Amino acid sequence: MIVRPGTAYPLGASYDGSGTNFALFSEVAERVELCLFDADRNETRVDLTEQDGFVWHGFVPGIEPGQSYGYRVHGPNDPAQGLRCNPNKLLLDPYAKAISGRFEWDQSVFGYDFGEPTSRNDDDSAPYMPMSVVINPWFDWGTDRPPRHNYAETVIYEAHVKGLTVAHPDIPEELRGTYAGIAHPAILDHLTALGVTALELMPVHHFSDDSVLQDRGLSNYWGYNTIGFFAPDSKYAYTQTPAGHVQDFKAMVKAVHAAGIEVILDVVYNHTAEGNHLGPTLSFRGIDNAAYYRLVEDDPQYYMDYTGTGNTLNVRHPHSLQLMMDSLRYWVTEMHVDGFRFDLAAALAREFYAVDRLASFFELVQQDPVVSQVKLIAEPWDVGPGGYQVGNFPPQWTEWNGHYRDTVRDFWRSEPGTLGEFAARITGSADLYEHTGRRPAASINFITAHDGFTLRDLVSYNDKHNEANGEENRDGESHNRSWNCGVEGATEDAEVTALRAQQSRNFLATLLLSQGVPMIAHGDEIGRTQGGNNNSYCQDNEISWVDWSSVDTDLLEFARAVSRIRREHPVFRRRRFFDGRPVARTGENLPDIGWIRPDGSEMTEADWSEGFGRAVGIFLNGNAIREVDDYAEPVVDDSFLMFLNAHWEALEFPVPERFGHRWETVLDTAMREDAAADLATPAQVTLPPRSMVMLRRIEEES
């Protein structure tokens, strides 16, 4: 077989119409073999003899898309020194654009013999490994354009490709659970009717199941176990050829864009599926262990673990950083995605020990002309010391706001002493983000996410019920800030059921009407339950799937109505923080926001620290928005009064004359048919226990 010198860039397998260039980085390698496989998995090995800057490369004429391949790396094998090369282990290309097949957890994919971690295993792993696959990069994108929604106008919907689609009756059975299922009108129509502008997909990078889960008859359902940072996972492909996986993903993005919705990927650059020192040798470990992973400084046989998964990618090494940046850039330029949510993002800032917001990774993102222009969302914590970093990410970044989640949960379950922080959270968390020059949109507000209770379970369970996970209910968070409304789990008690429905409406209304960017977890808008399981990472079954046969239509209609209010009224999606002052151009001596006590007077500084405070009124002044629109015209909106009562007793809220004289009710989470639709001040608004009412000011005719 003829092997031409080829080029060291780009890394990976690059088809040009006449053949394919292969390039692999390894600083420790002494020899690199390219392994080509035919349809019967017969192997042909070719030496890559060219090396530039520790990149081994060669061009093989006639190698076309669909070709399966891998690498064998010859080099030092001394695990005590962090060196783990073994040419008997077939290795995935870190830059593979497609991966065919799944791992089989045979002894041969491990570098040691079971029971003897210091031994060396030289069994050939190829029969039990998936294959990297050469792809054809061409795709007809037609007129595809990124929607580019402003953050202030964004509503995010977090979803799992399979979980959202696999049980939907209107999707053809063969498309359920796939990228094509996401692109089906049944899903897109649902999202657009809900007002969603960005679909955030849980991990779709090719990932591995865990052997311990397979032993229990379970699987890694969520996918936070990446082994291929360029390849869309084949589990979600409708087209069963490896090249088709890429085409399926691109077709999904094109369809979602056509519906006016952005695609955001949940990405896991903090660790890989190879685990700790007892994990398998699948790719990075056998290529250049010390370059790709953080090793313990004084004992490099072990891995630094800031992620709770056994290893952490080495953000101190230039080629590890290059891998991340090349991957991100590829997904934007070639796959047309619109942004990323970074799992355990604090781990990416640990160049040494502590989390450093000036770390090289963030500098590279800042300078990159492609990656810096898409949505960048941090999960601002990891499991290492000082890992909870909410509010500390660089200016271009937005963050999952864990303080928002916790405070809103506590407020609506009537916890004392939460009123002051609740006010800060629903107004955009200026205390967390303003000091870094960011705006309210830096706060990705959420009450539930994939990790934890669903919204229905948040109001139905005090305790987690994870027995199905096979860990004796030890896994998952024990402090959920949930309240079961008086009965644990499913009940036919009408009073409890009504209270749970009202609490669900309270949460959704609070989320959608807060300043910042709301994120809805898939199925929350239709009452999805996981039966109290708050850690469904291993449940690829009815526990985690959205049950479209039991849609709570009342809750769905409520969610759509509140989302529509947000979409139509910029006062709920301000681009700047409130400052409590009037706007001179209006001639109206009213602040942009006002806070009201239950007796109708305005809040004082002392009121915020009162431990018993569980109710508040909020005036939102539509005439005091210090922003201009795309045509440089002032943004003017209606004005609103929001009354929130998290107390277990009803309250009578006077409507202050200062803020307006006539009002109409536009929202009532108690869903009272006899709620006043038109109020003239002086008047009072009756708030049932644990409810929220919102009024819109009726402007006087001149």
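1. Let's start with the second largest pocket of this predicted model. It is lined by 29 residues, and those nearest its centre are His149, Tyr151, Gln373, Val374 and Lys375. A pocket here is an open set of points on a 1 Å grid over the protein atoms alone, with protein on both sides within 12 Å along at least five of seven lines; lining residues have an atom within 4 Å of a point. The volume comes to about 690 Å³, where a volume is the space filled by probe spheres set on the points, with grid points joined across faces, edges and corners. By class, the lining of this pocket splits into 12 nonpolar, nine polar and eight charged residues. For the classes, Ala, Val, Leu, Ile, Met, Phe, Trp, Tyr, Cys and Pro count as nonpolar, Asp, Glu, Lys and Arg as charged, and the others, Gly among them, as polar.

2. A word on the ground rules. Residues are numbered from 1 along each chain as its sequence is written. Local features need pLDDT of at least 70 and side-chain atom pairs count only at pLDDT 80 or more, while totals for chains, interfaces and linings use all residues; side-chain values use heavy atoms, with hydrogens and water left out.

3. Now the enclosed spaces. Rolling a probe the size of a water molecule over the atoms shows where empty space is left. A cavity is a set of points where a 1.4 Å probe fits but cannot get out, and the whole structure has six of 30 Å³ or more. The largest holds about 130 Å³. Its lining has 13 residues, with Pro79, Arg84, Gly111, Tyr112 and Thr281 nearest the centre; by class that is four nonpolar, seven polar and two charged.

4. The second largest cavity holds about 100 Å³. Of its 14 lining residues, Ile426, Leu513, Ser514, Ile618 and Met642 are the closest to its centre. No charged residue appears in this lining, which has 10 nonpolar and four polar ones. Which helix gives the most to the lining of the second largest cavity? That is helix 13, with three residues. Helix 10 (419-426), helix 13 (494-513), strand 23 (615-620) and strand 24 (640-645) each supply at least two. Helices (H or I, at least four residues) and strands (E, at least two) are DSSP runs, numbered from the N terminus.

5. Have a look at Phe110, in the loop between strand 10 (98-100) and strand 11 (131-133). Phe110 is buried (under 20% relative accessible area, 1.4 Å probe, protein chains only), at 7%. Leaving aside residues up to four places away in sequence, Phe110 touches Lys89, Trp105, Asn121, Leu278, Gly279, Pro280 and Thr281; contact means heavy atoms within 4.5 Å.

6. Why is helix 6 (residues 284-292) largely enclosed by the rest of the structure? Because eight of its nine residues are buried. Among them are Phe284, Arg285, Asp288 and Tyr292. The buried residues of helix 6 pack against strand 2 (19-25), strand 7 (68-74), strand 9 (83-84), strand 15 (226-232) and helix 7 (318-333).

7. Finally, the whole chain. It has 14 helices and 29 strands, and 60% of its 702 residues are buried. Among contacts with a separation of 6 or more, 72% join residues 24 or more positions apart. The C-alpha atoms fill a box of roughly 90 × 55 × 55 Å along the principal axes.

How values were computed
Buried means under 20% relative accessible area, exposed over 50%, partly exposed in between (1.4 Å probe, protein chains only).
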